[in-house]
Every structure is written in C-alpha cells, then in structure tokens.
Amino acid sequence: MKQGKSAQIKKMRHIKSKQKFTSKSVLSEFNYNDFAGFLRARYYLTYNTKYSTETFEVASFFLDDVIATIVQQNFTKFTSNEQATVNLNEVMQAALVNSDDRDWRYFVLLVPVLYDMQQFLVKESSVNKRFIAHAPKFDINFWRMIMRTVIAINFFKWQGKDVAEMMKTSNAIDELQFKFLSESEDDDDFNLEIINETFRGLPPKMKPLKNTDDVQKLQPSLSRDEMQTEIEFADKSLQKFQGASVKDVVSDNVINMLHAFHEGMAREFNATHNLWRANLLNAFAEKYLLDYWTPQWRDLDGIGGEVKSYLTFLSSKKALTGLGDLVAGTLDIDRYIDVIAINSLLEKLDMKDIEKLS
C-alpha cells in the first residue's frame, strides 16, 4: 500500500538519519515500501511546485509504475544487494504498455514530464547503492510516437481484441497511431480532436475486483434513524482519524472518499460500519463509489491506500471486527480507487485544458 506524501517525507528523513550509522559497504535487507517511498518523497519535494496540480498528479502516478517496473525487472539484484543497471527508456516503455487501464488523456499529459523524470532518476541513482540509471539522449518526438502507439493499443484492448495477434497479422495499430499524429515543422504533436472522437463512448477497461459478481443487499433495510446514526458515526470517526494522523497526511479529499464509503455502503447494501465485509467494500468501490464521491486533483496520489489505514483505525477502536479478512479480501482496492479517481478527473478535462497542459 502506498503511503501519503507527508508520511513518505517523514520516513525518508528517518531513513536518511539511519544511513549515517550504517556501514557504507553493507546494504540493509531490501524493503520495497522504503525504497519506493523514499523516491516518491524526493520527487514530491523536487517537482510539486514546478508543475500544475494535474500534471504533478499524473506524473506522480506514473513514477509509481516506473519504480515498480524497475524493481520487477531487477528483483534478484535488488534482493541480493547487487547494484542493478537500469535503462530508463526500456523501463518507461514497459510501464506505459502496462498502463492499459488509464484514460487516453493520461498519456498526453505525461509527455512534458518524461525528461525531468529521467533526469531525476539518473541523479537519484548516482547516490543510491541499489541501482544506477541510464537514459539515452531525449527525443520528444520518439516519446510522442510511443504514447500514440500505447493509446492505439488500448483502443483495441478495450474492445476485447487480441492485440498480440493483431500485431502479427495487420497494421491496424500503426495506422491508428498515425491518425493520432499532427505533424508540424518543429515537433510532432497529438491530433487531440481525432483521439477524442475515436474514444468517444469507449471508457477504460478496468480489471474487476474480487468477489463482486453476486453481492446481495443485506436485510433488513436501515431505518431513517439508523441511517442518520451511521452518518453521525462517520463524521465523528473520520474527525478522530484525521486528528490522529501526521499533519496533512489525511487530506479533505481522503475524508470525503472515506465518508462516501460510510454513506454509500449504508444506502446501497444496508451495511453499517460494523457489518462491512471485503466483498461489499469491493462491490461498492467498483459500482458506486463515484456516485458518492467527487475526487479532487490535489492530494490524489495514493488515496486508495487510505482505505486500509482507516479499516485499521476502526479495528483499533473496536468499531469493526475481522480486520485480517477485510485487508486480505481487498488487496486490490487501493489501486482500483487510484485509477478510477484519476480517470474520472481526466475525463472532465476539455480540449483547451489538454492543450494547455500538454
């Protein structure tokens, strides 16, 4: 689970302090959350004020995927204290291909941050004993071509087509990515109008959460008084949750999202907090969450991970039981919420917004 930015920064400082007392020749046992959290916090401190809020959130989301890909491709070296050598062009392309659940606007907004991200990782790797990163000379037209190709691949994936087979038997993907191209004398660009029209009525295809096919509404129905009691509990509990956290870790965006679970679970499933179960939580996130919650751009990155934090908080207050089953049964809910939240916001950007941000 990804932590909030403030928690990551606090942990980064703690790790940095510990490193002063650690032998330079010996690395501690590899911990992914420490490694990724340190880089995320460094990125936040470096670029949070450089980009627009929308651009930073998209960039931060992609950085998570890049870090995960770096570790996945070099897992043996990371876990055996050998320094991994990373080709950032290859890693970033792999991360993009696997981003097949993102709105097409996500890829367009990424282009302006790719150079900075490569330079950031190269610089960080120069003082990080776990990996050394290299980046070939940056060519923005190359990356725009990569983005157009990924967008075209996703178009066919979301229609249920066998993309691997298509690549062997036709030029459909290349032909579509060329339609997405707007050539100019200086740099290639995106033909935003054609891309937008191509994807009209075709939403991103999300990987479904577990055990959501046959979720039944609990009985009996909640009375008006029971519903009001649940809302009042949510207000008080979330205030305590926010107050107990490190300053700014639990934002209003987080509180609004968690409040949506209280209200929505009660209205859609007759499930007050003490009756929450993993399949109900998954089903609500998949089918109803955005009916009860309007995500905001600020403090969006990693927001889904706060569900687990809040469940843990409620369990510590004896407000629910079965925390182990709840956490085990909702392993993918954090990532799912992250993706639907950013997609919902990207969909609301009009062409003028996209042109300005890209």
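**Salt bridges and charged surface**

Glu263 is partly exposed, with a relative accessible area of 23%. The model in which this value was computed is a predicted one. Glu263 forms a salt bridge with Arg267, and the closest N and O atoms of the pair are 3.1 Å apart. Both residues belong to helix α13 (residues 252-269), where they are four residues apart, about one turn of the helix. Arg267 has a relative accessibility of 40% and therefore also falls between the limits of 20% for buried and 50% for exposed residues.

In the whole structure, 10 salt bridges were found. One of them joins Asp116 to Lys50, with a distance of 2.7 Å between the closest N and O atoms. This pair links distant parts of the chain, 66 residues apart: Asp116 is in helix α7 (residues 114-125), and Lys50 is in the loop between α2 (32-47) and α3 (53-73). The two partners fall into separate accessibility classes. Asp116 counts as buried because its relative accessibility, 13%, is under 20%. Lys50, at 52%, is exposed because its value is over 50%.

A further salt bridge is formed by Arg335 and Asp65, whose closest N and O atoms are 2.2 Å apart. Arg335 lies in helix α18 (residues 333-347) and Asp65 in helix α3, so the bridge ties together parts of the chain that are 270 residues apart in sequence. Arg335 is partly exposed, with a relative accessible area of 30%, whereas Asp65 is buried at 10%. Asp65 and Arg335 also belong to a network of salt bridges that includes Asp101 and Arg102.

Asp65 is in addition one of the contacts of Ser99; the others, leaving aside residues up to four places away in sequence, are Tyr106, Phe107 and Asn154. Ser99 is located in the loop between α5 (88-97) and α6 (104-110). The relative accessible area of Ser99 is 0%, and the residue is buried.

Another buried loop residue is Gly302, with a relative accessible area of 5%. The loop that holds Gly302 runs between α15 (289-292) and α16 (306-316). The C-alpha atom of Gly302 is separated by 18 Å from that of Thr46, a residue 256 positions away along the chain.

On the surface, a patch of negative charge is formed by Asp139, Asp186, Asp187, Asp189, Glu193, Asp350, Asp353 and Glu355. Among these residues, Asp353 is placed in helix α19 (residues 351-357). Asp353 counts as partly exposed, at 31% relative accessibility.

Methods: Residues numbered from 1 in each chain as written. Predicted model: local features only at pLDDT ≥ 70, side-chain atom pairs only at ≥ 80, totals over all residues. Heavy atoms only, no water. Patch = residues over 30% accessible without salt bridge, like charges linked within 9 Å, V, L, I, M, F, W, Y side chains within 5 Å. Areas by Shrake-Rupley, 256 points an atom, 1.4 Å probe, with all protein chains shown as cover. Salt bridge = Lys/Arg side-chain N within 4 Å of Asp/Glu carboxyl O. Lys, Arg positive; Asp, Glu negative; His and termini not counted. Charge placed at Lys NZ, Arg CZ, Asp CG, Glu CD. Helix = DSSP H or I, 4+ residues; strand = E, 2+ residues; numbered from the N terminus. Buried < 20%, exposed > 50% of the residue type's maximum accessible area, 1.4 Å probe, protein only. Contact = heavy atoms within 4.5 Å.
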